[in-house]
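Reader: Please give me a close look at one helix, its packing and its share in the contacts around it. Once that is clear, I would also like to hear about any unusual backbone geometry.

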There are 2 protein chains.
Amino acid sequence: MRDVAVIGAGITKFGELWGTSIKDIFVEAAQKAIDDAGVDHIDSLYVGSMSPGLFVGQEHLGAVLADYLGVNPIPATRVESACASGGVAFRQAFLEVASGASEIVLAGGVEKMTDGADVTDVLATAADQEYEVYHGITFPGLYAMIAQAHMKQFGTTREQLAAVAVKNHRNGAKNPNAQFRSEISVEQVMKSTMVADPLRLLDCSPVSDGAASVIVASLEVAKKLSKSFARVKASAQASDTIALHSRESLTTLKSVVRAAQSAYKMAEMKPSDINFVEVHDCFTIAEIVVTEDLGFFEKGKGGEAVEKGLTALECGRIPVNTSGGLKAKGHPVGASGIAQIIELYEQLTGRAGARQAKNARIGMAQNMGGSGASCVIHILEAQ
Amino acid sequence: MRDVAVIGAGITKFGELWGTSIKDIFVEAAQKAIDDAGVDHIDSLYVGSMSPGLFVGQEHLGAVLADYLGVNPIPATRVESACASGGVAFRQAFLEVASGASEIVLAGGVEKMTDGADVTDVLATAADQEYEVYHGITFPGLYAMIAQAHMKQFGTTREQLAAVAVKNHRNGAKNPNAQFRSEISVEQVMKSTMVADPLRLLDCSPVSDGAASVIVASLEVAKKLSKSFARVKASAQASDTIALHSRESLTTLKSVVRAAQSAYKMAEMKPSDINFVEVHDCFTIAEIVVTEDLGFFEKGKGGEAVEKGLTALECGRIPVNTSGGLKAKGHPVGASGIAQIIELYEQLTGRAGARQAKNARIGMAQNMGGSGASCVIHILEAQ
């Protein structure tokens with residue numbers, strides 16, 4: 001396999017973008033990424049999108065977006081792994097360049113969620129329709145069960161869950177593209193509307209529109225462009241049972257553990273080598289479980305870690321979600337995995353502005369689908 | 001890029017499979033393919049499926065199917081390019097093995113179309129929602145316009161369109177997994193119900209359930225298994241404008257022309273090197289246009305060719321759709337591209353039974369999405 005690099009990035013503001021279509025926002029992010037990379041063409045494109053069919057009545061999204069971006073006749077493919085669609089799109093672009101089939105590939109992600117569909121119902125199609133959704137549960141309920149189990153098993157507290165949201169809003173306030181740029185307090189989280197006990201409104205990532213794109217290229221192309229870039233040190237993906245009830249434990253996400261093992265092996269690294277990480281905090285409990293499963297904290301200690309500030313941007317042992325995470329930056333589901341890669345790229349090239357982490361040489365992005373039935377992890381290194 | 005082979009195949013019967021779920025049929029085809037290949041594991045899986053969200057309310061299909069196939073924690077990814085989803089899944093598996101990231105990858109396709117959704121509406125999400133579907137057109141209408149233009153420009157006749165369906169039903173009658181195993185006459189086609197002038201019911205591929213899987217492996221793995229296999233000589237994909245009204249010509253599918261150019265170049269072959277071909281005959285006119293655009297017949301002569309028997313299984317210059325094609329074999333949209341690869345594999349390994357083509361050493365599969373906004377072409381060679 002050839003060495004692969006990220007050489008450019010583009011992103012829209014995340015939020016309720018009622019004035020623009022799924023095509024508009026994809027093209028905006030993609031064109032920014034192409035301009036940022038300074039390339040005069042792309043060989044192919046991948047787009048991660050969870051459910052454009054149910055959200056806006058448009059499948060065949062690869063072809064649609066290639067057309068509107070004006071890049072026909074290049075190959076254009078949509079990939080889907082629920083909320084991990086963006087991370088998987090990046091992985092496919094990585095594999096295509098690593099194979100030698102292409103030199104420069106655009107990996108994008110997009111979702112338009114606010115155009116009228118019943119969002120909770122659409123997102124529930126990422127769970128097991130026959131055995132979970134049929135019985136009435138949706139994602140807040142699934143993650144609430146994980147939270148309940150984690151609290152019972154390890155003594156994780158309600159305040160610790162809130163601390164995740166507070167930290168991510170603090171980071172998001174520094175991110176010009178974030179949906180929420182307001183800081184919040186533990187008290188505000190604790191008093192927000194109950195959604196699924198113990199998860200309250202401010203424990204949940206929002207419903208968002210948004211698009212994000214990166215340009216992936218061979219190392220040779222990256223070097224010729226004479227600009228800063230980030231090298232892809234690992235790409236790993238794993239699956240787990242679709243339904244929570246099939247799992248041995250509710251408090252460990254096996255797909256995260258397995259993808260992390262593969263990623264560390266491929267990069268020849270260990271958790272302590274990672275300087276900062278973007279994790280899939282669709283709900284506050286997810287960030288706690290994932291930072292444990294990635295090996296940054298002992299199992300059961302993730303809540304304590306965030307409460308003690310060990311994951312803070314300033315002076316944390318490992319800054320987590322410097323972008324604001326899904327919680328504050330927003331979660332247009334297909335775009336989130338690419339937005340994580342963009343945060344890594346910006347941090348590693350020293351362009352993260354007010355949210356720049358110190359000594360950001362190696363970053364990890366962890367993106368997952370459903371209640372963890374799919375997980376994709378990438379490790380990038382500054383060059 | 002490493003050399004890649006197809007080492008096993010499995011397929012369900014295509015048709016109205018009301019007694020089984022999308023998971024059941026995928027697992028049936030996938031398990032048959034694994035057994036046929038004689039491998040004890042797979043490293044990852046891709047599944048092509050156009051719209052499981054709209055058809056059966058289930059997204060996150062890669063993870064769902066990996067779970068039900070019992071292959072967690074391997075990576076499992078759904079890809080979508082409308083009716084080219086299967087061909088694109090095969091291409092992703094090819095790229096992953098070619099890159100060296102994996103040795104043995106399952107490429108599957110599945111669609112469950114008869115479970116209650118409004119099929120024509122769902123399929124229309126493969127066209128441009130804003131500029132085509134909004135104005136009321138669906139796919140029979142789009143292909144009818146192509147047919148009208150072809151008839152006007154080249155004198156293609158109603159009988160020539162019918163000859164495509166007659167030939168494909170004759171081939172399908174020899175395929176035990178085909179949805180329709182009945183021969184039909186030109187007269188029956190000409191008298192069938194009008195759908196969109198000039199296309200009648202028997203010019204249209206049917207609504208189908210079905211699943212298909214192949215096992216893709218490195219050449220080294222293929223050789224170690226000491227069984228017959230087929231080598232992938234080319235994998236090519238191209239895009240075109242999503243809407244018909246944006247094209248210079250209605251009678252040439254540019255994505256087919258461009259993907260074919262790339263495929264011939266990669267394989268270092270020309271049209272006359274291909275011994276047989278599976279093409280995407282979603283409507284009879286599609287087969288005529290595509291056989292021209294692939295270079296087998298001069299532009300405008302595709303209708304005459306089929307009428308003269310040049311594409312017949314027996315004594316044809318180049319047998320087209322020996323499987324029965326989408327028309328007779330059935331068209332569970334996500335599965336069709338993989339089913340084409342299976343026909344190539346069976347022909348190239350001499351296992352096609354009553355529909356075995358003579359001198360089948362090199363075969364081509366052409367799979368497309370929408371009205372040709374995406375096209376993926378593979379060339380396989382017997383070993």
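Author: The answer begins with the ground rules, then follows the helix outward and ends with the backbone.

This is a predicted model, in which local features need pLDDT of at least 70 and side-chain atom pairs count only at pLDDT 80 or more, while totals for chains, interfaces and linings use all residues. Residues are numbered from 1 along each chain as its sequence is written, and chains are lettered from A and ligands numbered from 1 in the order in which they are written.

The helix in question is α4, residues 85–99; helices (H or I, at least four residues) and strands (E, at least two) are DSSP runs numbered from the N terminus. Chain A is divided into domain 1 (4–118 + 208–224) and domain 2 (135–202 + 233–382), with bounds that come from an automatic or database domain assignment. The centres of these two domains of chain A, taken over C-alpha atoms, are 23 Å apart. Across their boundary, 34 residues of domain 1 of chain A are in contact with 31 residues of domain 2 of chain A, where contact requires C-beta atoms, placed from the backbone, to lie within 7 Å. On the domain 1 side of chain A, β1 (4–11), α4, β4 (104–112) and β7 (209–218) each supply at least two residues, and α4(A) gives the most, with eight residues. By class, that side of domain 1 of chain A holds 18 nonpolar, twelve polar and four charged residues; Ala, Val, Leu, Ile, Met, Phe, Trp, Tyr, Cys and Pro count as nonpolar, Asp, Glu, Lys and Arg as charged, and the others, Gly among them, as polar.

How do α4 and α14 of chain A cross? The axis of α4(A) comes within 5 Å of that of α14(A), residues 333–348, at a crossing angle of roughly 55°; axes are lines fitted to C-alpha atoms, for helices over the stretch in contact, with angles from 0 to 180 degrees between N-to-C directions. The two helices are therefore oblique to each other, since angles under 35 degrees count as roughly parallel, over 145 as roughly antiparallel, 65 to 115 as roughly perpendicular and the rest as oblique. From α4(A), the residues A:Ser85, A:Gly86, A:Gly87, A:Val88, A:Ala89 and A:Phe90 meet a set in α14(A) that includes A:Val333, A:Gly334 and A:Ile341. This contact has seven nonpolar, six polar and no charged residues.

Helix α4 of chain B has a part in the contact between the chains, in which 50 residues of chain B touch 50 residues of chain A. There α4(B) gives the most to the chain B side, with six residues, and that side divides into 20 nonpolar, 21 polar and nine charged residues. Strand β3 (residues 76–80) of chain A pairs with β3(B) in the antiparallel sense over three bridges, pairing being assigned if DSSP finds at least two bridges, and A:Val79 stands opposite B:Val79.

As for the backbone, the peptide bond from A:Asp197 to A:Pro198 is cis, with omega near 10°, and A:Pro198 sits in the loop between β5 (194–196) and β6 (199–200) of chain A. A cis bond also joins B:Asp197 and B:Pro198, with omega about 10°. A:His60, which is not a glycine, has a positive phi of about 60° and lies in the loop between α2 (52–56) and α3 (61–69) of chain A. With 30 other C-beta atoms within 10 Å, A:His60 is buried; 20 or more within 10 Å makes a residue buried, 12 or fewer exposed, and anything in between partly exposed, with C-beta atoms placed from the backbone.

Key. Contact = placed C-beta atoms within 7 Å.
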